Every structure is written in C-alpha cells, then in structure tokens.
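Student: I am new to this structure and would like a close look at one part of it. Please take me through that part step by step.

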Amino acid sequence: MTSSAGDGEAGSGPIAGPDDHAAFAALLEDSVEDLYENAPCGYLSTSLDGRIAKVNATLLDWLGYQREELVGRKHFSELLSAGGRLYHETHFAPLLRMQGEVRGIALEMKTTDGRRLPVLVTSLVKTGSQGQPLLIRTTVFDARERRAYETELLRARREAEQERERLQRLNTTLQTTLLPPELPEVPGLEVAAHYHIASADEVGGDFYDLFPITGDTWGMFLGDVCGKGAPAAVLTSLARYTLRTATAYTRDPAAVLDALNTTLTERYHGHNPRFCTIIFGLITPTPHRGGCDIVLAGGGHPPALLAHPDGNVEEMHTRGGQLIGAIPHARIVTRSFRLEAGETLLLYTDGLTEARTTANGGRYGDRALLDFVRALAPATAAHTIEALRELLDSFESGLEDDTAILAVHALPPTGTTR
C-alpha cells in the first residue's frame, strides 16, 4: 500500500507550503527589527557630521527621549556630558575619521532628567562599494554596573593604601623606639650612627646603642636579630634591655653577651628559637692622652673595621664567636685593642655587604666595603657615616635588608689641635 503524506516515516513533518514560507520570512523580518529596537544595548546611526539618523528604543528608554526629539534634530555629541563632548571633539571624532573605527571608549551621556549615564561606546564608519564613507554606526553599552564596580574597587584600593600608610607610620614609630634618640657625647671621642630602613612595611631587626656605664666607662653594641616585623621588634627590645641591665652587674663584655644568650635560650627554648648576631664593646676613653681602650666581644657578627689615618683598614675579627640565643652556653670571643687619636672604628650589620649591586644578584661584599672605607681616610666618625649613608641610598631596591652602622673616632689629646 502506498503511504499518504500524513503517514510518512517517524520524525517527518508536514511539507511546508508557500504560505508557510511567507509566514516564516515575515516572522524572521519582525524578529530582526525587534532585535534592533529592543537589543540589550543602544544603537544609533548618524551622518558623517554626527547628526542622528536612526536610534533604537533601548537607547531612547535609557535617555528618556522620544524618537522625534533626536532623529534629524540632534547630533550624537549633544547627548554627551560636557567632558564627553570635549573628548569627542578632540579625540573620539578625529580617531574615527583616521581609523574608521573606535572601540570601547568610556563616556557619559545625559538623560532628560539631568542624570549622567556611564556608557562604553563603539563606532564604525560604514563605507560604500568604492570605499567612500556613508554613515557612522554606533553601539552604546550600559556601564553603570561596571562603573559601580570600578568605584568600589577604587574605594577598596584607597582604604588599602590608607591602611598601609597607617601601618608604615606605626612601624616607623616602633622602629624609632628601638633606637637611641641621639648618641651621647663621650669625652675624647666623636661618635655617629645611622639606621637605613630597607622597607617601611616591616620593622627591621637591626639595632645599636651607646651609653655610659660609669663615669669613665662606656658601653656600645650593634646587632641584627633574626626575622622582621613584630617578632623582631620584641627580640630587639629584649636584647637592648638585657644588654643594658647586664652592665650593672659586670664589666666583662663576654659575660654581658653570655647573659643575653641565657635570656634568649631560656625564653625561646623549644619554641621557635630566636637568635641574633652582635658585637658588644666596652670603651674606656683616655682624653688626656688621646684615644681609648676598647674590648670587643663578638657573637657571630661581621668584624668591626679599624680605619687608620693613612688608609690602612684592619678587620677586628672575633672569630669563633657563635650566634647569641641559638644554643645554650654559646662561645663568645673577645679581643682588646687601643683606638689611637685619628683612628675610626666602624661597626655595621650585614645588610650593607649583602646589598645587590648587579642584575644577576651580585652582592656588594666585604672586599668592596674595605676598599670604600680605605678610600675615606683620613675620616672622622661623622664623615664615615655620611659617606656610608650615601652609599646605602645608592643601592635603592638592591638593599633588601635594614642596615645599622656605628662609628667611633678618637680625637687628639685634650689641649692639642686636631
């Protein structure tokens, strides 16, 4: 039996007739027009001079205009805010003429009730068959949500910057409390110091001090604790307090460092050990004969440098001295010498010698520092510290760690000309 059209294979439908095709074409045409008028973005077409020739319902609704108020009556630039019109005339329109298109430009359009609508605008020049420009087609995207997001992002960024500035001020204040406000005057000596902060975002762990013990004896120390931030500040404060307190009970520099080692190992034993490198010095000035006697005790710290007036520089090693706070009963090494008139003793932390000076990570190094100090001769404490301050500044971002420097210069005997 022959099947009828209605009895075709499963899944087949009725054959569309001419009327069905016409209806579908009409529906398609209606959909295209509706898509233009009610698109999720605004559309308008203008003549080459910007006069509006066509605009869709979406943009009319956003701005509050009737179609007859715009078509043939207003230019696109008249819909923009004052700043937008200026940008349109000086940048947007010239670029469009030169390039034939301008994409994603942020502007503000004015609504009939005086509000400003943030938008993103893309314009293209339609050309004829011979390449001649005919009209300008512009697409307008509502950027209110984007603007709100950007505003919130800017607000969050400002708050973060304010918080960072507050933290930096706090760190600076805290750092200042961990250093002597000024160095005292020592008979027969000139003293100077400088602290270079590598980053204002964290409190550093370098410290120094110079203070009287008795009428004719002075103590000095310079050190570098492990870590940064609040833990380093706590350790620095503890170290400074312990060192000053210990000198009330002993004049032996090794015993002073041993007291600090005991304090640190007992406090941090078995729980996040904390340690530091340090040089402690006992100074006995002799102003009547010039210079002073010094006893240094070292706990794993870089050697002090003794600069002679003739340019010779000695490394005052305390080799074998161990980190303070790392282990109980750390070995502490001392050495005694005399600082003669015209000589300068320099103490420093390793932020100076470990500064990066090359793109591949090369460090400044001990040898470079020796050569630098040698070239300063003859130099006072103030001259030495000022020269090193300028050197530290020159490292810029290559200086990754805070640096403390302390210099002691022996003056001529009392009653003689310097």
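Student: Which residue in β12 does Ala304 stand opposite? Please start there and work outwards.

Tutor: Ala304 stands opposite Met316 in β12. Keep in mind that this is a predicted model.

Start with the strands themselves. Ala304 belongs to β11, which covers residues 304-307. β11 and β12 are paired over 4 bridges, in the antiparallel sense. In general, strands of a sheet pair through backbone hydrogen bonds, either parallel or antiparallel.

Now widen the view to the sheet. It is open and has 5 strands. Read across it, and the order is β6-β15-β14-β11-β12. The pairing is antiparallel. The edges are β6 (189-196) and β12 (313-316). Each of these has a single partner strand, so one side of each has no neighbour in the sheet. On average, neighbouring strands here are turned by 20° against each other, direction ignored.

A helix lies across this sheet. Helix α9, residues 381-395, crosses β6, β14 (344-348) and β15. α9 runs at about 15° to β6.

Two spots beside α9 deserve a look. Before the helix comes the loop between α8 (366-376) and α9, where Pro378 is found. The peptide bond from Ala377 to Pro378 is cis, with omega near -10°. After the helix comes the loop between α9 and β15, which holds Glu396. Glu396 has a phi near 50°, a positive value in a residue other than glycine. Both features go against the common pattern: most residues other than glycine have a negative phi, and most peptide bonds are trans. Glu396 is also exposed, with a relative accessible area of 63%.

The loop between β12 and β13 has a similar case. His329 sits there. Its phi is near 55°, again positive in a residue that is not glycine. His329 counts as exposed, at 73% relative accessibility.

Next, follow Ala304 inwards. Ala304 is in contact with Leu347. Leaving aside neighbours within four places in sequence, Leu347 also contacts Met220, Leu222, Ile279, Ala404, Ile405 and Leu406. Leu347 is part of the largest nonpolar core, which has 26 residues. Within that core, Leu347 is among the residues that touch the most other members, along with Met220, Ile283, Ile294, Leu296, Leu339 and Leu345. Strand β15, residues 403-410, gives the most to this core, with 4 residues. Another core lies apart from it, with 25 residues, including Phe211, Leu235, Leu260 and Phe280.

Now turn to the other sheet of 5 strands. This one is open too, in the order β7-β8-β9-β10-β13, with antiparallel pairing. β7 (206-214) and β13 stand at its edges. Each has a single partner strand, so one side of each is left without a neighbour in the sheet. The twist averages 15° from one strand to the next. Inside it, β9 and β10 run antiparallel and are joined by 8 bridges. Leu282 stands opposite Val295 in β10.

Two helices meet this sheet. α7 packs on it, touching β9, β10 and β13, and its direction makes about 150° with that of β9. α6 lies across β7, β8 (217-225) and β9, at about 15° to β7.

Stay with α7 for a moment. The helix covers residues 253-268, 16 residues in total. From first C-alpha to last it reaches 23 Å, close to the 22 Å expected at 1.5 Å a residue. Its buried residues are Pro253, Ala254, Val256, Leu257, Leu260, Asn261, Leu264, Thr265 and Tyr268. Seen down the axis of α7, these fall within an arc of 160°, so they line one face of the helix. The face turned away from that buried side carries the exposed residues Glu266 and Arg267. Among the elements covering the buried residues are α6 (229-246), β9 (276-285), β10 (292-299) and β13 (333-339).

Finally, place all this in the whole chain. The protein chain has 9 helices and 15 strands. Of its 418 residues, 43% are buried. Take the contacts between residues at least 6 apart in sequence: 60% of them join residues at least 24 apart. The contact between Ala304 and Leu347 belongs to the picture we began with.

Conventions. Residues numbered from 1 in each chain as written. Predicted model: local features only at pLDDT ≥ 70, side-chain atom pairs only at ≥ 80, totals over all residues. Heavy atoms only, no water. Core = buried A, V, L, I, M, F, W, Y, C linked by side-chain atoms within 4.5 Å. Buried < 20%, exposed > 50% of the residue type's maximum accessible area, 1.4 Å probe, protein only. Contact = heavy atoms within 4.5 Å. Pairing = 2+ DSSP bridges. Axes fitted to C-alpha atoms, helices over the stretch in contact; angles between N-to-C directions. Expected span 1.5 Å × (residues − 1). Arc of directions from axis to C-beta.
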